[in-house]
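Me: I'm in my first year and still learning how to read these things. Could you pick one part, take a close look at it, and then follow it outwards for me?

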Amino acid sequence: MIFSKFERLVARRYIHAKRKEGFISVITGFAFTGIALGVATLIIVMSVMNGFREELLARILGINGHIGIVSTIGLPFNNYQQAVKDIAEFDDVKTVIPMIENQLLVSSGKVAEGAMVRGITKEDILKKDILRNSLKNIDMSRFEGNNVIIGSRLANKMGLIEGDEITLISPNGKITAFGTVPRMKSYTILGTFEVGMFEYDSSFIFMPLESAQTYFGLSGAVTNIDVTLDDEKMLKPVRQAIEESVGAGAYVYDWKQSNSAFFNAIEVERNVMFIILTLIIIVAAFNIITGLIMLVKDKGRDVAVLRTMGATKGMIMRIFFMDGAGIGVVGTALGLVLGLLFCDNIEAIRQGLQSLLGQDLFSAEIYFLSKLPAKVDAMEVGVVVVISLLLSFMATIYPAYRAAKFDPVEALRYE
């Protein structure tokens, strides 16, 4: 649609309301503000949901692999070395990590907490980038014998620091004539790790694989094998190949299965929020309709004069279309800028609001992450902008059509 200089001039004069047209200007301001806030809010919420999902996934895969293998008969893998070697030769497999994993009780003094102990070699820990980067000033050459690494939040809850001793208590102990005696042994804290996910930082303990084998009575065996891929897109074919390789004696699962309910909930919430927040833009679009209808009524005499001077219906329609579309375009542009700026500084804004209000606005215990993430998806931002512009343009059609159908004779007769 091409607009003439005359149409642009008249549209610009109409959009700048005079004092007697102040109420129209207020409605226009509400429409403009509503569109800007709607676009900004949509961008912020969608970016936070994207960042939340990506950060959770990165941390989950930073501790666990894409594919896990456990025994289906309840017995450990005694021949795991050969299985690890065979799986490592598959295409698209990055790392294969044998480990021992079990839940138990950790105590120190009068404090006791439940924990997940994972027996793993120091070489395999260093293969996990997120886990390696989360280690706090730890000399990994000392990760052997009775030295363990625990989550930072678990250490804080129990009041522990480097060099303190903890006692691990497993209910699956030795069977004696007097019943099962819990297995207990003391270990020294080598240091702490913090991956930024509450579940891991508050409950995980890493122990040398050989020490775990001794503690759990699994000499030369492991309970789990984790497989990390080069490309997540190859998950399905690699998993199928592993299932065929290990046979019926093992159960193969992937991260989507073990976290399906969690990520499905995030996806549902994300879609619902998108629909709800789009309503803000729709309400703002109705404000555009209201404002333009009132403007058309207020400018009835002016429209009649323009028509008598030779202005066509198309010209009148384009004038009012430009007024409404201008509100939508400027409001969308402002919302886009505000949304991107907010996303770029979201953690600093959160910290500032927390300091101002004196409340925790993003509790790690509830949201699992210690920082508020935001990942801007260019495609989603484009969709939000297009939706906003389309709604704004559609809102101008009816008022502009009414202005074009205005009868100049009737307008001048009753003025």
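Reply: Let's begin with a word you'll need: two strands count as a pair if DSSP finds at least two bridges between them. Keep in mind, too, that this is a predicted model.

The part I'd pick is strand S7, which covers residues 204–208. Is S7 mostly covered or mostly open? It's mostly covered, with five of its five residues buried. "Buried" here means under 20% relative accessible area. In a regular strand, side chains alternate between the two faces of the sheet. With that in mind, look at each side of S7: Phe204, Phe206 and Pro208 are on one side, Ile205 and Met207 are on the other, and both faces are covered.

Now for the strands that pair with S7. Strand S3, residues 111–120, runs parallel to S7, and five bridges join the two. To find this pairing on your screen, go to Pro208 in S7 and look for Ile120, which stands opposite. Strand S4, residues 147–151, pairs with S7 as well, but in the antiparallel sense and over two bridges. Here the spot to look for is Phe206 in S7, with Ile149 standing opposite. Notice that Phe206 and Pro208 both belong to the list for one side of S7.

From S7, let's step along to S3 and see what else it holds on to. Glu113 makes a salt bridge with Lys157, and their closest N and O atoms are 3.7 Å apart. Lys157 lies in helix H6 (residues 152–158) and Glu113 in strand S3, so this contact ties together parts that are 44 residues apart in sequence. Neither partner is in the buried class: Glu113 is partly exposed at 24% relative accessibility, and Lys157 is partly exposed at 44%.

That salt bridge has company, as a search of the whole structure turns up six of them. Another one joins Asp124 and Lys127, with closest N and O atoms 3.2 Å apart. These two sit three residues apart in helix H4 (residues 122–127), so about one helical turn separates them. Asp124 is buried, at 6% relative accessible area, while Lys127 is partly exposed at 41%.

Helix H9 (residues 235–246) gives you one more to look at. Arg239 and Glu243 are four residues apart in this helix, again about one helical turn. The closest N and O atoms of their salt bridge are 3.2 Å apart. Arg239 counts as buried because its relative accessibility is 17%, which is under the 20% cut-off. Glu243, at 34%, is partly exposed. Asp254 comes in too, linked with Arg239 and Glu243 in a network of salt bridges.

One last stop: empty space. Rolling a probe the size of a water molecule over the atoms shows where such space is left. This structure has two cavities of 30 Å³ or more, and the second largest has a volume of about 50 Å³. Helix H2 (22–63) and helix H16 (378–404) each supply at least two residues of its lining, and H2 gives the most, with five. That lining divides into five nonpolar, two polar and three charged residues, among them Leu42, Ser47 and Glu380.

Notes: Residues are numbered from 1 along each chain as its sequence is written. This is a predicted model: local features need pLDDT of at least 70, side-chain atom pairs count only at pLDDT 80 or more; totals for chains, interfaces and linings use all residues. Side-chain values use heavy atoms; hydrogens and water are left out. Buried means under 20% relative accessible area, exposed over 50%, partly exposed in between (1.4 Å probe, protein chains only). A salt bridge is a side-chain nitrogen of Lys or Arg within 4 Å of a carboxyl oxygen of Asp or Glu. On a 1 Å grid over the protein atoms alone, a cavity is a set of points where a 1.4 Å probe fits but cannot get out, and a pocket is an open set with protein on both sides within 12 Å along at least five of seven lines; lining residues have an atom within 4 Å of a point. Grid points are joined across faces, edges and corners, and a volume is the space filled by probe spheres set on the points. Ala, Val, Leu, Ile, Met, Phe, Trp, Tyr, Cys and Pro count as nonpolar, Asp, Glu, Lys and Arg as charged, and the others, Gly among them, as polar.
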